[in-house]
Amino acid sequence: MSLIKNGRVVDDPWIALDDEAPLPATGPVIVSLTRLRAQRDALVSRRAPLGVRLKSSELAVEVGADAAALELIAIEFPTFRDGRGYSTARLLRERWGFAGELRAVGNVLRDQLLFMHRCGFDAFEMADQNASETWRKAMGEFTAFYQDATDDRVPVTRLRHRRRAAE
Amino acid sequence: MYRYDEFDHTIVAERVAQFRDQVGRRLSGEMTEDEFRPLRLMNGLYLQLHAYMLRVAVPYGTLSSRQMRQLAHIARRYDKGYGHFTTRQNIQYNWPALKDVPDILMDLADVEMHALQTSGNCIRNVTADQYAGAAADEIEDPRICAEVIRQWSSLHPEFSFLPRKFKVAVTGAPADRAAIAVHDIGIRIVRADDGEIGYEVLVGGGQGRTPMIGKTIRAFLPKPYLLSYMEAILRVYNEYGRRDNMFKARIKILVHEVGIEEFRRRVEEEWEAIRGTPVELPEGEMQRIAGYFAPPPFAPLPFVSAEFERQKQADPAFALWARASLHPHKQPGYAIVNISLKPIGGVPGDASAEEIDAVADLAQRYSFDEVRVTHEQNLTLPHVRQDALYALWRELDTLGLGTPNINTVTDIIACPGLDYCNLANARSITIAQGISERFADIGRAHDVGELKIKISGCINACGHHHVGHIGILGVDKKGEEFYQLTLGGDATETAALGQLVGPAFPYDGVVDAVENLVETYLDLRQQGERFLDTYRRVGLEPFKEKLYVAH
C-alpha cells in the first residue's frame, strides 16, 4: 500500500486504531466514527493529532462541526462504484470548513484520482507499485474542466468570459 | 447549432486520449474486465450478445450534415454499413472492434461529437424536443438549457459514480415531445405570469421494472439557478439513493420511498446552501450558448404556400405523406418534416450509411444543414420551405425514405431485443416487423389514425412499452417468448402508464392480438377520437372482452 500526499509518496505517520484496541499514549491515531462519538472527550484531550475514518455510508453531516477538531478524515471507497465519498469530501471542505488531510482509502484506482482531487481529497492510499507515476499521469490527463468544484482549477465557463473581458 | 470552442475541443480530445490509454491497459491485461467495465461504459461501450456495441451521443438530437456524413463513414468503415438510432436520440453501432474504438472516437471528435456518458451510472446524454427552434408552440429553444447541462454533466467530478444511471430531458413547449415525465429529471420551459422565462422541474420519473411518472419538485426555477438546482438534486440522490439493490437504485425509488415533500425539503435545503455560489453558470455564458441557437436566415414568406396547397390537391400520394410527416413551424412559409425510419417490414431506427449520407445531403439543400433524431427513432428536417416540400418528398420517395406512416400504427418504437441485447428475454424487432406488415396498407393505417405502439424485449423497458398507447413487453416463460400487452400509456404532457390487459400471448399470437385491439377501437370510436381517447373513455374492459373471447 502506498500513500500519496500532495503528489508525493510519503510514509504514513498515522496509526489506524480498531474500536477495541487500547488508545496509545502518544502519536496520531485514526478511529472510527463510532469510537469518536463514544470517546470524544478522551480522544480530543489527548493532545495528539486525531483522525476519523468514515464508511461510505457515513455522510458529511454526521461529522458536521466535529470536523474542526480533526486533522485527518479518511473516506472509504468499498468499491470504486460507490460514489458517495465524492459528496462527503466536497461537503466536508465546502460546508464544514475542514482544512486537514482528506484521504481516499479502499478501492482507490487511477481513473478516479482526478475526480477525487477535484472534490477536495489531498491524500490517496493506493495498492499501486508506481503510485507516484500513476498519480502524475492521472493529474495530467485533463487540462480543461466544465465544472466549478472544490479544487482551484478554473472551469472553462469562466475562462471563456475572462478571455472575452481581456480582449 | 452549438459549435465547440478551443475548450470543448480540448476536453473531448483529452477524453479520447484517456480512453485510448484505458483500452491499451485493458488489451495488455493491466486492467481487469471488472475494472474496465465502468470506464468503457462511461464512454458508451457495451459488451453485447455478439460483439461490442458503441453508443454515440447526439446531444439533444441535433446533427449537422457534416456530422451525419461522419456517422455514415463510421458505419461503413468500422461497422457493417449501418447504424441504429435510439429512443434517447443517440446512434448505436453494433459491430465495432475494441481496438478500433479509440479511432472511432477520434473521427467523432473531428466533427465535434463524442460518446461521453451514453451509458454507466452517470448523468447520461441530455435529450430534448426534436422540434427545438422550429415548433410553433415553443416558448424557448430547449437546446440552450440542454447544452448547459451537457457541459456541466460531462466528467462531473462528484456525480460520475451515482447509484444508477441518470437521464435528463428538456422540452421548450407546453406540448411534451421529449417524454420528460419518464426521466430522472424532466425540465419544462415555462413562462411566468410576469413574462419571465424559467424552468418547471420534474423529478423521479422513469420506466424500467418500476415505472413512475415524474413529480413536480419546483414549479418555477429562475434560469440563473439552473446549475445549483441540478447540483442540489444530484447531491441528495448521490448521498441518499439506494446502493444495496441495483433494481432500487434509481432516483424514482428514493423519491417514492421518502415522498416528494421530504425529497423536495432535502433538495431545497441543499439548494439554499449553494444557490448563487460559483457553481452557477457565470454571467454571459448562457447568452453565449443561446447565440449558437439563433434562428437560421429564414426567407420572408407568406403563411401558406399556394404552390404547396396546389401540389397537395394535384397529388394524393403527396397529400398523404404531407398529412403524416409535417408539423407546424413557427416561421411563416416553413414546415417541420419528419422522415420515417420505419419502412414497412423494416427494423425501427436502423439506417444504412447510404441513407444517412442521403439525409445529410437533403438537410444541406433543404433545411439549413440541420437534422434531428427523434426519441421515436425517426429523423427530422426542422426547417423546410413549404414550396420545396414537393421536390423533397420526391427525393425521399426515391430513396425509400418516404413512408407516410409517422404517428401511425406502423411507426413503432422497438428496442434491439433478443436479436442483439444480452439482457433481452424476447425478440422485439421481429414483432415490430410483423405488425408493420399486417398494417402495410397505408390507407388502413391512416384510417386507424394516431396509434403509438412501443415494444420492449425485457423489463428494462428500453422500447418504452409503459408509455405506448399499446405497449408490448417480452417476457420469458420457461424458455419461451411471451408478450404482455398494456393499454393507455402516454409519454406526452398527459403522461400515463399503460395498464396490463390480461394474460400474455405467445410469440405467434401477438400480431393478431394487436389487430384485435385495433378492431375493437374502430368499433367503439366516436368522431375524432384517437385510440388513446377511446381507451380513456371506455377503459380496459371492452378491449379485454374482445381480446380474450376466443381464448
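Start by selecting chain A and colouring by secondary structure: you will find seven helices and eight strands, where helices (H or I, at least four residues) and strands (E, at least two) are DSSP runs numbered from the N terminus. This is a predicted model, in which local features need pLDDT of at least 70, side-chain atom pairs count only at pLDDT 80 or more, and totals for chains, interfaces and linings use all residues. Residues are numbered from 1 along each chain as its sequence is written, and chains are lettered from A and ligands numbered from 1 in the order in which they are written.

Keep chain A on screen. Its C-alpha atoms fill a box of roughly 60 × 35 × 30 Å along the principal axes. Of its 167 residues, 40% are buried, that is, with 20 or more other C-beta atoms within 10 Å of their own, C-beta atoms being placed from the backbone.

Next, select A:Ile73. Leaving aside residues up to four places away in sequence, A:Ile73 touches nine you can highlight, including A:Val52, A:Leu54, A:Phe98 and A:Leu102; contact means C-beta atoms, placed from the backbone, within 7 Å.Now add A:Phe124, B:Cys145, B:Ile233 and B:Val359: with A:Ile73, they have the most contacts inside the largest nonpolar core, which has 167 residues. Such a core is a set of buried Ala, Val, Leu, Ile, Met, Phe, Trp, Tyr and Cys residues joined through C-beta atoms within 7 Å. H6(B) gives the most to this core, with nine residues. Apart from it lies another core, of 42 residues, with B:Leu451 and B:Ile470 among them.

Finally, show where the chains meet: 32 residues from chain B and 29 residues from chain A take part. On the chain B side, helices H1 (6-27) and H2 (33-41) are among those supplying at least two residues each, and H1(B) has the largest share, six residues.

How values were computed
Two residues are in contact if their C-beta atoms, placed from the backbone, lie within 7 Å. A residue is buried if 20 or more other C-beta atoms lie within 10 Å of its own, exposed if 12 or fewer, and partly exposed in between; C-beta atoms are placed from the backbone.
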